[in-house]
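Let's explore a protein together, one question at a time. Have a look at it first, and then we can talk it through.

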Amino acid sequence: MKKLIKEIVETFGPSGREDEIRKKISKYMKPHVDEIKEDNMGNLICIKKGDGPKIMVAAHMDEIGVITTHVTKKGFLRFSSVGGVSPVRCLYQRVVFENNVKGIIGTEPVDKLSNLDFDKLFIDIGAKDKEEAREMLGEGMFGAFMNNYEELNDLMVAKSMDDRIGCAVAIKAAEKLQETDNEIYFVFTTQEEVGLRGAKVSAYNLEPDLGIAIDVTGSGDTPEAPKMPMKLRNGVAIKVKDSSVLVPRKVKDFLINTAEKNNIDYQLEVLRYGGTDAGAINLTKSGIMSGVLSIPTRYIHSVSEVLSKSDVNATIELLTKALESDISSII
Amino acid sequence: MTAVFTVQEEVGLRGASVLAERVNPDYVIAFEGTTAGDVPDPDNRDDSPSTEMRKGPAITVMDRTTIGFRKLKKHLENTANKYDIPYQYKRSVTGGTDIGVIHTKGGIPSIVVSTPVRYIHAPRGIMATKDYKNTVELTIKALKDFEEVL
């Protein structure tokens, strides 16, 4: 599993430019499903056929990133964020662009860190002047942050655990899945970070009976962290709410019961901010039942997102059992 | 081809939100006036404006509501190059358009083409006649050669 996670967290794929990561995930999913297709938004839809209810598993494969907006007179690039990127977390990070050009994020002098915003930041690609910068990169190019996979004790660290870890969980669940009547759509969605757009489109087209999103969530176990019940190493987090969805009670209870029946460590997730694909699925067409399994994660949307292996394993386990369950009572 | 003049865009893309279901298009091109920022900058910052007047129609790579579909973006670029029509990119990623609520209905490939306008959302907006003409020209040629997208 380490090899799988390392490979997919280190792969390029900011929102709107998910081609490389889609190819990699497709390769991993192929042996475990009956059909694989791609839609106009670039969502990767992997289908395990069945005669029963339709369950959509959504894990977003896009990552936060940057987009170049201006070439300056001195040959640096101004940029904007793709998804929820904080200016402070950008400082002196390395980025790689869709044409493989690499750069470093620098800043104009600022008195106070709180004055730092994207207007002050720029990307240094080593160009000698404006013309060379334009030739090397130009405007409207998408970039992603760079960082390697590492392990700290029993914890895993990487950029874009959000939500490549969800992709890894879905891949492992597809691999472990026993026979079931349920028809399962493993959807690796695009453009989640810019507004759940891929999930919106795939749910609209697939019309599942139940949607389950797999994503990261916050964790309240670092010094002076905002108060929240989730902690690393306490198991898979079953979502109660975030800003995008109030998980229907039937779905939440179904996930809790499945965890208890199978002795899987779980905790409840109550998130004051943030959203997931489940929010988009929930409001599709006439309303679709949806829930979320989350992996508690420290430093989300930084280049070093940290989470626990045991929580990942619990998430794989619970997702697999949920997909094998008779869901007729909740839909 | 269906030409649609939408209502209530300025209050939240409302008119367009019912469109996708009614027209059920295979592709969508939206037209907009967008910010031309080529006006005096008191700070003289090392930066460049969102779009510039007289530099041709602006193609949107990404804004707040949409990431432009690459197939259509490429087609517009190819068309402009083939017929020698000037074009630029909309460089800022702010602002939203009707496309935002259209493309998410099933994933309809969409793109925005804008004519640069100075002082947008002010009582006087200024545009260059030749940008307008080039936007029209680019659109006509892009639609004429549309089979290259298919």
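Q: Which residues of H6(A) are buried?
A: Happily, this can be read off residue by residue, because buried means under 20% relative accessible area, exposed over 50%, and partly exposed in between (1.4 Å probe, protein chains only). Helices (H or I, at least four residues) and strands (E, at least two) are DSSP runs, numbered from the N terminus. The buried residues of H6(A) are A:Arg197, A:Gly198, A:Ala199, A:Val201, A:Ser202, A:Ala203, A:Tyr204 and A:Leu206.

Q: What kind of model is this, predicted or not?
A: Residues are numbered from 1 along each chain as its sequence is written, while chains are lettered from A and ligands numbered from 1 in the order in which they are written. Side-chain values use heavy atoms, leaving out hydrogens and water, local features need pLDDT of at least 70, side-chain atom pairs count only at pLDDT 80 or more, and totals for chains, interfaces and linings use all residues, as the model is predicted.

Q: How many of the residues of helix H6 of chain A are buried, and what covers them?
A: The cover of the buried residues includes strand S2 (44–48), strand S3 (54–60), S12 and helix H8 (277–282) of chain A, together with helix H2 (19–23) of chain B; contact here means heavy atoms within 4.5 Å. Helix H6 spans residues 197–206 and is mostly covered, the count of buried residues being 8 of its 10.

Q: Which residue just after H6(A) takes a positive phi?
A: Move along the chain to the place just after H6(A). The phi there is about 45°, and the residue is A:Glu207.

Q: Is A:Gln267 buried or exposed?
A: A:Gln267 sits in strand S15 (residues 266–270) of chain A. Leaving aside residues up to four places away in sequence, A:Gln267 touches several others, among them A:Pro229, A:Met230 and A:Pro296. Its relative accessibility is 7%, so A:Gln267 counts as buried.

Q: How far apart in space are A:Gln267 and A:Lys239, C-alpha to C-alpha?
A: In sequence, A:Gln267 and A:Lys239 are 28 residues apart. In space, the C-alpha to C-alpha distance is 8.7 Å.

Q: How many salt bridges does a search of the whole structure find?
A: A salt bridge is a side-chain nitrogen of Lys or Arg within 4 Å of a carboxyl oxygen of Asp or Glu. Over all chains, the search finds 27.

Q: Which residue forms a salt bridge with B:Arg118?
A: The closest N and O atoms of this pair are 3.0 Å apart, and the partner is B:Asp38. The pair links distant parts of the chain, 80 residues apart. B:Arg118 counts as buried at 17% relative accessibility, whereas the partly exposed partner, at 23%, is B:Asp38.

Q: Why are B:Lys73 and B:Glu77 separated by about one helical turn?
A: These two form a salt bridge, with the closest N and O atoms 3.2 Å apart, and both B:Lys73 and B:Glu77 are buried. They are separated by about one turn because both lie in helix H3 (residues 70–82) of chain B, at a spacing of 4 residues.

Q: Where does A:Glu179 lie?
A: A:Glu179 is exposed, with a relative accessible area of 71%. As for its place in the chain, A:Glu179 lies in the loop between helix H5 (161–176) and strand S12 (183–189) of chain A.
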